[in-house]
Amino acid sequence: FFFWFASLNMKCGGVKGATDATAETQQILEGVRGSIEEKLGRKVDTLEAKSVATQVVAGTNYFIKAHIGSDEYIHARIFKSLSNTTELHSIQTGKSADDELSYF
């Protein structure tokens with residue numbers, strides 16, 4: 001029964017549709033701020049998670065749309081392992097508030 005119930009709620013491997021960011025999303029994003037700034041080559045005053053899509057793997061990939069100031073947005077792919085460590089995988093720059101989150 002548990003396996004059947006869990007399989008209804010989780011789709012391993014597929015990217016779940018984007019939803020509004022939560023406090024947990026913001027915390028995950030803040031946890032990799034230094035890595036994001038390193039990839040951008042500059043400090044950012046604003047780093048605000050706006051939306052998130054997830055992918056269950058051997059942990060979770062978070063695809064986060066983030067406002068970084070003015071009208072600038074990035075998409076960040078962050079991996080959170082089963083042991084709760086987080087790591088920035090990559091970012092996409094030149095995004096807008098209207099750009100849809102997708103796998104990258």
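**View 1. Strand β1 pairs with β2 in this predicted model.** The two strands run antiparallel, and four bridges join them. One contact to pick out is Val-15, whose bridge partner in β2 is Gln-55. β1 is hardly covered. It has six residues, and the count of buried ones is zero.

**View 2. Five strands make up an open sheet.** Their order is β1-β2-β3-β4-β5, with antiparallel pairing. β1 (15-20) and β5 (86-95) are the edge strands. Each has a single partner strand, so one side of each is left without a neighbour in the sheet. On average, neighbouring strands are turned by 20 degrees against each other, direction ignored.

**View 3. Strands β2 and β3 pair over nine bridges.** β2 covers residues 48-57 and β3 covers residues 59-69. Their pairing is antiparallel. Within it, Ala-53 has Phe-63 of β3 as its bridge partner. In a regular strand, side chains alternate between the two faces of the sheet.

**View 4. Helix α3 lies across three strands of the sheet.** The helix spans residues 33-40. The strands it crosses are β3, β4 (72-81) and β5. Relative to β5, helix α3 runs at about 45 degrees.

**View 5. Phe-63 and Tyr-103 form a tilted aromatic pair.** A search of the whole structure finds two aromatic pairs, and Phe-63 with Tyr-103 is one of them. A pair of aromatic rings is described by the distance of the centres and the angle of the planes. Here the centres lie 5.6 Å apart, with 55 degrees between the planes. The pair links distant parts of the chain. Phe-63 sits in strand β3, Tyr-103 in the segment after β5, 40 residues apart.

**View 6. Phe-63 also pairs with Phe-104, edge-to-face.** The distance is 5.6 Å centre to centre, and the angle between the planes is 70 degrees. This pair, too, links distant parts of the chain. Phe-104 belongs to the segment after β5, 41 residues from Phe-63 in strand β3.

**View 7. Ring pairs link Phe-63, Tyr-103 and Phe-104 into a cluster.** Is Phe-63 buried or exposed? Its relative accessibility is 0%, so Phe-63 counts as buried. The cut-off for buried is under 20%. Phe-104 is buried as well. Phe-63 thus appears in two settings: as bridge partner of Ala-53, and as a member of the ring cluster with Tyr-103 and Phe-104.

Definitions and conventions
Residues are numbered from 1 along each chain as its sequence is written. This is a predicted model: local features need pLDDT of at least 70, side-chain atom pairs count only at pLDDT 80 or more; totals for chains, interfaces and linings use all residues. Side-chain values use heavy atoms; hydrogens and water are left out. Two strands pair if DSSP finds at least two bridges between them. Axes are lines fitted to C-alpha atoms, for helices over the stretch in contact, and angles run from 0 to 180 degrees between N-to-C directions. Contact means heavy atoms within 4.5 Å. Rings of Phe, Tyr and Trp (its six-membered ring) pair if their centres lie within 6.5 Å; planes under 30 degrees apart count as stacked, over 60 as edge-to-face and the rest as tilted. Buried means under 20% relative accessible area, exposed over 50%, partly exposed in between (1.4 Å probe, protein chains only).
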